[in-house]
Amino acid sequence: LANNFIKLVIPPYIFGLLFFAAMWWLNSYCLCWLLLYRSKVVATLAIVTGLTINVIAIISFIKTKTTINPRSPQNPHQLVPTGLYRFSRNPMYLGLFCLLLGSVICLGNPLNIFLLLIFLVVITLFQIRPEEKILNKKFGDTYQHYCRQVRSWL
């Protein structure tokens with residue numbers, strides 16, 4: 001549990017902000033001769049999708065009166081296998097990914113795609129896996145069945 005706590009110290013939205021800042025910096029100081037096709041419509045769609053996913057996921061947690069604090073996954077008193085959680089075990093992180101994807105498209109620097117991929121690895125290793133270990137320990141067979149039915153991301 002102590003090892004998992006160390007990994008859960010930085011909240012996911014802070015990871016998201018750090019990666020967004022890195023993308024902005026990369027876009028400002030490491031201009032790439034090859035720009036991605038910038039589509040404001042697609043970027044806006046990705047950002048609105050990300051925000052919508054996060055709001056719906058948070059509402060699901062509030063309705064079941066369980067914690068949305070990602071740094072304390074040992075606190076939920078029940079699983080939330082309904083709503084968006086029928087399709088993804090991690091819709092809040094999926095929403096954060098969509099926000100960053102919209103930023104990549106908006107900024108247009110293909111180097112930011114690498115940062116987006118690094119974000120996926122970091123959030124999986126330092127947030128999702130420790131959470132899943134704790135939830136598996138807390139909910140056992142129920143959580144294992146849920147994991148077999150629902151993918152981690154999509």
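**A helical chain and its largest pocket**

In this predicted model, the accessible surface of the protein chain (Shrake-Rupley method, 1.4 Å probe) amounts to about 9,300 Å², and carbon and sulfur atoms account for 70% of that area. Residues are numbered from 1 along each chain as its sequence is written. Local features need pLDDT of at least 70 and side-chain atom pairs count only at pLDDT 80 or more, while totals for chains, interfaces and linings use all residues, and side-chain values rest on heavy atoms, with hydrogens and water left out.

The protein chain holds 6 helices and 0 strands, where helices are DSSP runs of H or I with at least four residues and strands are runs of E with at least two, numbered from the N terminus; the pattern along the sequence is accordingly written α-α-α-α-α-α. Of its 154 residues, 44% are buried, that is, under 20% relative accessible area with a 1.4 Å probe. Among contacts (heavy atoms within 4.5 Å) between residues at least 6 apart in sequence, 82% join residues at least 24 apart.

The largest pocket encloses about 640 Å³ of space, and, of the 30 residues that line this pocket, Phe-61, Tyr-85, Met-92, Tyr-93 and Glu-131 are the closest to its centre. A pocket is here an open set of points on a 1 Å grid over the protein atoms alone, with protein on both sides within 12 Å along at least five of seven lines, and a lining residue has an atom within 4 Å of a point. At least two lining residues come from each of H2 (12–29), H3 (40–63), H4 (91–107), H5 (111–139) and H6 (141–149), with H4 giving the largest share, 5 residues.

Definitions and conventions: Buried means under 20% relative accessible area, exposed over 50%, partly exposed in between (1.4 Å probe, protein chains only). On a 1 Å grid over the protein atoms alone, a cavity is a set of points where a 1.4 Å probe fits but cannot get out, and a pocket is an open set with protein on both sides within 12 Å along at least five of seven lines; lining residues have an atom within 4 Å of a point. Grid points are joined across faces, edges and corners, and a volume is the space filled by probe spheres set on the points.
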